[in-house]
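Q: Please take me through the labels used for this structure. I want the reasoning behind each one.

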Amino acid sequence: MPIFSRKRPPAWPPLTIAADPFEGSCPYHGDCLEGLAAGPAIIARWGQSLSELGSPSDKIELIADYIAHLAANLVLLHMPDRLIFGGGVMKAPGLLQAVRRLTEVKLGGYVRAPQLDPGLEQFIVAPALGDHAGITGAIELGRMAAGQ
Ligand SMILES: [Zn+2]
């Protein structure tokens, strides 16, 4: 199930992607989040990663807008304690900051919770373990399941 799609837009927060001519690269949904903002989608769209392109502000804003849409929806649906965004795309300079800023704009002050710090610098973060976060988490889950 796509997280969002221009074909089946969610009611809230409003999408700002109507002017994006890219049809998306997801083989299942086309313009779902994966098809618009994942690394392969960015390369399909522009031929290079955001970092290889030099992280131009217009491209950072577009990709950040998609990710911020996800972040705002996660806040509205689940109110997590923290959102951790990692992976290759998030290494693009300025992207994490743009995601924080645009998430705050999309929320528009609608949600008040102690974990939503001004600027969302404590709420939307990069993984503390960097590229090892996935495997370290998997090992920890295995350790916990084994009762250790
Ligand atoms: Zn998809």
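A: This is a predicted model. Begin with M79, which has 11 other C-beta atoms within 10 Å.

Q: Why is M79 called exposed?
A: Exposed requires 12 or fewer such atoms. M79 has 11, so the label applies. M79 sits in the loop between helix 3 and strand 1.

Q: What makes the phi of M79 notable?
A: Its phi is near 40°, a positive value, and M79 is not a glycine. Most residues other than glycine have a negative phi.

Q: Why does S55 count as partly exposed?
A: The class lies between 12 or fewer neighbours for exposed and 20 or more for buried. S55 has 17 inside 10 Å, so it falls in between. S55 belongs to the loop between helix 2 and helix 3. It also has a positive phi, about 50°, without being a glycine.

Q: Why are helix 3 and helix 4 called oblique to each other?
A: Their axes cross at roughly 50°. Roughly parallel needs under 35 degrees, and roughly perpendicular runs from 65 to 115. The crossing fits neither, so the pair is oblique. The crossing is right-handed. Contact residues include I63, A64 and I67 of helix 3, and L95 and V99 of helix 4. By class, this contact has 13 nonpolar, two polar and three charged residues.

Q: Which residues touch the most other members of the largest nonpolar core?
A: They are A37, I63, A64, I67, L95 and V99, out of 27 residues. Helix 3 gives the most to this core, with ten residues.

How values were computed: Residues are numbered from 1 along each chain as its sequence is written. This is a predicted model: local features need pLDDT of at least 70, side-chain atom pairs count only at pLDDT 80 or more; totals for chains, interfaces and linings use all residues. Axes are lines fitted to C-alpha atoms, for helices over the stretch in contact, and angles run from 0 to 180 degrees between N-to-C directions. Helices (H or I, at least four residues) and strands (E, at least two) are DSSP runs, numbered from the N terminus. Angles under 35 degrees count as roughly parallel, over 145 as roughly antiparallel, 65 to 115 as roughly perpendicular and the rest as oblique. A crossing is left-handed if the near helix is turned anticlockwise from the far one by less than a right angle, and right-handed if clockwise. Two residues are in contact if their C-beta atoms, placed from the backbone, lie within 7 Å. Ala, Val, Leu, Ile, Met, Phe, Trp, Tyr, Cys and Pro count as nonpolar, Asp, Glu, Lys and Arg as charged, and the others, Gly among them, as polar. A nonpolar core is a set of buried Ala, Val, Leu, Ile, Met, Phe, Trp, Tyr and Cys residues joined through C-beta atoms within 7 Å.
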